[in-house]
Amino acid sequence: MKPLFLALLVSALLPALPLHATGYQSERAIAAGEVDVEAMLAGLERQRARAILQRDVATLLHLMDRQYHHIDSRGRVRSKTELMTALERDAFRFRVYEIESNEVQLLDGGTTALSTGIFRSQQVGASARPFRGRYVHVWVRQPDGWKNSFHQATAIRPAQDSCSCD
């Protein structure tokens, strides 16, 4: 069976889903106000987290802007190419990578979005410890859909009982 025919057959048999549920980004539907953009972006955040966990480079490449910058919780800055190379070379692998909370705020007339929230992760390895952090993502609306252009994570650490902050 040819792939296109198979895809058409499957799509005909599946019940219709709302655009944001399918992950499909239709500029016409977005412009017409038929899509809850904040919900769609929250879905893209979950898709991104799943792709990081599964090391799905193809999905990440599709979701990331050409000018993507990644600042991890230790302050290391990576470009899109550097991050994808590290994933492909198995420089890091996650056992857990989940979003706990997410808030999306549309900016600049709806062409940019600020996504903030809390995530938890744990890398693979005997010495790997659970990690919980806050993240900031910037998403930019482009002709081919929303693209993640910036990521920054910060560790959430327990408050100290004594502080010489005075």
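Which element gives the largest share of the lining of the largest pocket? Keep that in mind while we walk through this predicted model.

**Start with confidence.** Colour the protein by pLDDT: the mean is 83, and 75% of the residues reach 70 or more. Now select residues 1–24, where the pLDDT is below 50. Beyond near neighbours in sequence, this stretch has 9 contacts in the model. Where pLDDT is low, the predicted coordinates should not be read in detail, so feel free to hide residues 1–24 for the rest of the tour.

**Next, the largest pocket.** Select Asp72, Ser73, Arg74, Phe94 and Gln123, the lining residues that lie nearest its centre. The full lining has 23 residues, around a space of about 690 Å³. Then show the strands β3 (94–107), β4 (112–123) and β6 (145–155), the elements that each give two or more residues to this lining. Here is the reply to the opening question: β4 gives the largest share, with 4 residues. If you colour the lining by residue class, you will find 11 nonpolar, 6 polar and 6 charged residues.

**Last stop, Asn148.** Stay with β6 and pick out Asn148, which is found in this strand. Is Asn148 buried or exposed? Its relative accessible area is 1%, so Asn148 is buried. Draw a distance from its side chain to that of Arg48, and you have a polar contact of 3.2 Å. Now expand the selection around Asn148: leaving aside residues up to four places away in sequence, Asn148 touches Leu63, Met64, Asp65 and Tyr68, then His137, Val138 and Trp139, as well as Arg48.

Note on methods: Residues numbered from 1 in each chain as written. Predicted model: local features only at pLDDT ≥ 70, side-chain atom pairs only at ≥ 80, totals over all residues. Heavy atoms only, no water. pLDDT = per-residue confidence, 0-100. Contact = heavy atoms within 4.5 Å. 1 Å grid on protein atoms, 1.4 Å probe; cavity = no way out; pocket = protein on both sides within 12 Å on 5 of 7 lines; lining within 4 Å. Points joined across faces, edges and corners; volume = space filled by probe spheres on them. Nonpolar A, V, L, I, M, F, W, Y, C, P; charged D, E, K, R; others polar. Buried < 20%, exposed > 50% of the residue type's maximum accessible area, 1.4 Å probe, protein only. Polar contact = N/O pair within 3.5 Å; in protein donor to acceptor, adjacent residues only side chain to side chain.
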